[in-house]
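Have a look at the protein below and turn it around a few times. We'll walk through its cysteines, its fold, its core and a few odd backbone spots.

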Amino acid sequence: MIKMKNLILILMFILPSVGFSQRDGSKVMDVNNIDYRLLDSLIIVEVNKVRDSLGNNNMHYSRLVSDNISKPRCQKLHAEQHVYHPDGRLELYSDKLESLIMKEASSTYKFKGGVNVVDGFEICLFERKTYKLVTYGDIALSIVDLWETSPDHCHVIRNAYKKQLTENGKERFLMSGVSTKYGVWNGYEGFYTVLNLTVVYKH
């Protein structure tokens, strides 16, 4: 059964970002031909750099959560040119999708017996594309940096489900979806971004 925490997190700040290239994100972006899968996965790479520095549980980039939860919600923000949390997130977690997410987690983390899937947190933002943001790595880092300027968003990036073991000894695995879409907000060009932190609990 899906459980959803009703935490509304919206960030629409437009801040300058310092350009930074990393090995896996050194590809220069052409905004007319964006590799969204690369950008989305690099956002999780940057999130995990932050979590690693704190000794916290990592997130795994889940294609299932990205394609079935984050993507339709990001597309809605893009279409409406508005940053918010649309209704209907819980309904996207069908029984079939929940089962597939548990299988994906079992395959990724090499365990058997997923017991349930929890819709943990959703965070979203619009990040302005500036001349300083050249590579995919630049943009992924700037998005995570922007989330860290907000205490609520920063909690999700840094500390949400930070330990693999719960207080009662149950293991949990973080299957996170991300979706980005290049578009316009308030006359600025940039990236709508949605991250869905989904948790799988093991028997």
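Let's start with disulfides: this predicted model holds zero of them. Why is there no bond between Cys 74 and Cys 124? For Cys 74, the closest cysteine sulfur is the one in Cys 124, and at 8.9 Å that is too far for a bond. A disulfide would need the two sulfur atoms within 2.5 Å. Both cysteines are tucked away, though: Cys 74 counts as buried because its relative accessibility is 0%, and Cys 124 counts as buried at 1%.

Now zoom out. The protein chain has six helices and five strands, and along the sequence they follow the pattern β-α-β-α-α-α-β-α-α-β-β. Of the 203 residues in the chain, 51% are buried. The surface that the chain does expose comes to about 9,700 Å², with carbon and sulfur atoms supplying 51% of it. Take the contacts between residues at least 6 apart in sequence: 76% of those join residues at least 24 apart.

What sits inside? The largest nonpolar core has 34 residues, and the members that touch the most others are Ile 43, Trp 147, Tyr 161, Phe 191, Leu 195 and Leu 197. Helices H1, H5 and H6 and strands S2, S3, S4 and S5 each supply at least two residues of this core. H5 gives the most, with seven residues. There's also a second, separate core of 12 residues, which includes Tyr 93, Ile 101, Met 102 and Met 175. Leu 197 has quite a list of contacts further off in the sequence, among them Met 59, Val 118, Phe 121, Tyr 161 and Met 175.

Two strands deserve a closer look. S3 is mostly covered, with 12 of its 15 residues buried. S3 and S5 run antiparallel and are joined by 13 bridges. One pairing to find on screen is Phe 126 with its bridge partner in S5, Tyr 192.

Next up is helix H4, residues 95–109. Does its length agree or disagree with what 15 residues should span? At 1.5 Å a residue the helix should span 21 Å, and its end C-alpha atoms are 21 Å apart, so the two agree. The buried residues in H4 are Leu 97, Glu 98, Ile 101, Met 102, Glu 104, Ala 105 and Ser 106. As a rule, an α-helix has 3.6 residues a turn, so residues three or four places apart point the same way. What covers the buried residues of H4 includes helices H2 and H3 along with strands S3, S4 and S5. Right after H4 comes Lys 110, whose phi is positive, near 60°.

That brings us to the odd backbone spots. Most residues other than glycine have a negative phi. Gln 81 isn't a glycine, yet its phi is positive, about 50°; Tyr 161 isn't one either, and its phi is also positive, about 50°. Here is where they sit:

| Residue | Place | Relative accessibility |
|---|---|---|
| Gln 81 | loop between H2 and H3 | 45%, partly exposed |
| Tyr 161 | loop between H6 and S4 | 9%, buried |

Tyr 161 is worth a second glance, as this loop residue is also one of the members of the largest nonpolar core that touch the most others.

Conventions: Residues are numbered from 1 along each chain as its sequence is written. This is a predicted model: local features need pLDDT of at least 70, side-chain atom pairs count only at pLDDT 80 or more; totals for chains, interfaces and linings use all residues. Side-chain values use heavy atoms; hydrogens and water are left out. Helices (H or I, at least four residues) and strands (E, at least two) are DSSP runs, numbered from the N terminus. The expected span of a helix is 1.5 Å times one less than its number of residues. Buried means under 20% relative accessible area, exposed over 50%, partly exposed in between (1.4 Å probe, protein chains only). Contact means heavy atoms within 4.5 Å. Accessible areas come from the Shrake-Rupley method with a 1.4 Å probe; for residues, only the protein chains shown count as cover. A nonpolar core is a set of buried Ala, Val, Leu, Ile, Met, Phe, Trp, Tyr and Cys residues joined through side-chain atoms within 4.5 Å. Two strands pair if DSSP finds at least two bridges between them.
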